[in-house]
Amino acid sequence: MTGKNMKVVITPEEIRERVAVLGREITQRFNGEPLVVVCVLKGGFLFFADLVRTIDLDLELEFVRLASYGRGTESGELVFSKDVETTLKDKNVLIVEDIVDTGHSMDFLLRTFEERKPKALALAALVDKYERREVDVKVDFPGFHIDKGYIVGYGMDFAERFRELGGIYELVE
Ligand SMILES: O=P(O)(O)OC[C@H]1O[C@H](OP(=O)(O)OP(=O)(O)O)[C@H](O)[C@@H]1O
Ligand code: HPA
Ligand SMILES: [Mg+2]
């Protein structure tokens, strides 16, 4: 197939348990107030779908998609290829992302949303991965910390494949 093998890193059961804990923490953190939950497409779709069902608050669900403007994802400036369809001003906002790697995507999104003057802005990321971090990003609700390796599954892809897998796997040679 890809010429690579898959090593289990996090099982579907471990994800389910962790997502339930995060849902309770988020529910407590926002203390009965309404919350706008923003899914970062495409990678965030499964985490978002599972997480929102564990949060016991009045939710408004929104979606964004980021794209690199210019050549290459590493150096290109980020823009929205899809923005939220509501105002964030004076609202509690939670961004839901699959993985923070270099940090550039979430650095851009947090700074852009902060300019819209939300009441509170927080970030949930299923995986906080340090190996390639270039920008400091504070993940308020981290699912799992991973040192290194290219991972797929539960939303994350390699060349648009493997997003549908229920667990998280490392691609190894
Ligand atoms: O911390 P960074 O180095 O910015 O990388 C993390 C981002 O990269 C991936 O998304 P990608 O832009 O590949 O799009 P996708 O979500 O559609 O897979 C991933 O889903 C994160 O959003
Ligand atoms: O490790 C990763 N896996 C999948 N997508 C990613 N985007 C940034 N890092 C990764
Ligand atoms: Mg993404």
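## Close-ups of a predicted model

**View 1. Strand β5 gives the most residues to the shell around ligand 1, namely four.** You're looking at a predicted model, where local features need pLDDT of at least 70, side-chain atom pairs count only at pLDDT 80 or more, and totals for chains, interfaces and linings use all residues. Residues are numbered from 1 along each chain as its sequence is written, while chains are lettered from A and ligands numbered from 1 in the order in which they are written. Strands (E, at least two residues) and helices (H or I, at least four) are DSSP runs, numbered from the N terminus. A residue belongs to a shell if its C-beta atom, placed from the backbone, lies within 6 Å of the ligand. Ligand 1 has 14 residues around it, and Lys 42, Gly 43, Asp 101, Thr 102 and Ser 105 come nearest. The elements that supply two or more residues to this shell are β5 and α3. Sorted by class, the shell has four nonpolar, five polar and five charged residues. Here, Ala, Val, Leu, Ile, Met, Phe, Trp, Tyr, Cys and Pro count as nonpolar, Asp, Glu, Lys and Arg as charged, and the others, Gly among them, as polar.

**View 2. Lys 42 comes with a cis peptide bond.** The bond in question joins Leu 41 and Lys 42, and its omega is about -5°. Lys 42 sits in the loop between β2 and α2. You've met this residue already: Lys 42 is among those that come nearest to ligand 1.

**View 3. Ligand 2 has Ile 99, Asp 101, Tyr 150, Ile 151, Val 152 and Met 156 around it.** By class, that makes five nonpolar residues, no polar ones and one charged one. Asp 101 should look familiar, as Asp 101 is also listed among the residues that come nearest to ligand 1.

**View 4. Six strands make an open sheet in the order β4-β3-β2-β5-β6-β7, with mixed pairing.** Two strands pair if DSSP finds at least two bridges between them. At the edges are β4 (77–82) and β7 (141–146), each pairing on one side only. Neighbouring strands here are turned by 30° against each other on average, direction ignored. (Axes are lines fitted to C-alpha atoms, for helices over the stretch in contact, and angles run from 0 to 180 degrees between N-to-C directions.) Now go strand by strand. β3 and β4 run antiparallel over five bridges, with Tyr 69 opposite Glu 77 in β4. β2 and β3 are parallel over seven bridges, and Val 40 stands opposite Val 64 in β3. β6 (120–129) and β7 are parallel too, over five bridges, with Val 127 partnered by Phe 144 in β7.

**View 5. Helix α3 (104–114) packs on the six-stranded sheet.** This helix touches β2 (35–41), β3 (59–69), β4, β5 (92–100) and β6, and its direction makes about 175° with that of β6. Touching means that two residues have C-beta atoms, placed from the backbone, within 7 Å. Which residues of α3 are buried? They are His 104, Ser 105, Met 106 and Leu 109, and they pack against β2, β3, β4, β5 and β6. A residue is buried if 20 or more other C-beta atoms lie within 10 Å of its own, exposed if 12 or fewer, and partly exposed in between, with C-beta atoms placed from the backbone.

**View 6. The largest nonpolar core has 41 residues.** Such a core is a set of buried Ala, Val, Leu, Ile, Met, Phe, Trp, Tyr and Cys residues joined through C-beta atoms within 7 Å. Val 38, Leu 51, Leu 94, Ile 95, Val 96 and Ala 124 touch the most other members. Zoom in on Ile 95: leaving out residues up to four places away in sequence, Ile 95 touches Val 38, Val 40, Leu 109, Leu 123 and Ala 124.

**View 7. Three strands form an open sheet in the order β1-β9-β8, with antiparallel pairing.** β1 (5–10) and β8 are the edge strands, each pairing on one side only. β1 and β9 pair over five bridges, and Lys 7 stands opposite Glu 170 in β9.

**View 8. Two residues in the loop between β8 and β9 have positive phi.** Glu 160 lies in that loop and has phi near 70° without being a glycine. Glu 160 counts as exposed because 7 C-beta neighbours lie inside 10 Å. Phe 162 lies between β8 and β9 as well, with phi near 75°. With 19 other C-beta atoms within 10 Å, Phe 162 is partly exposed.
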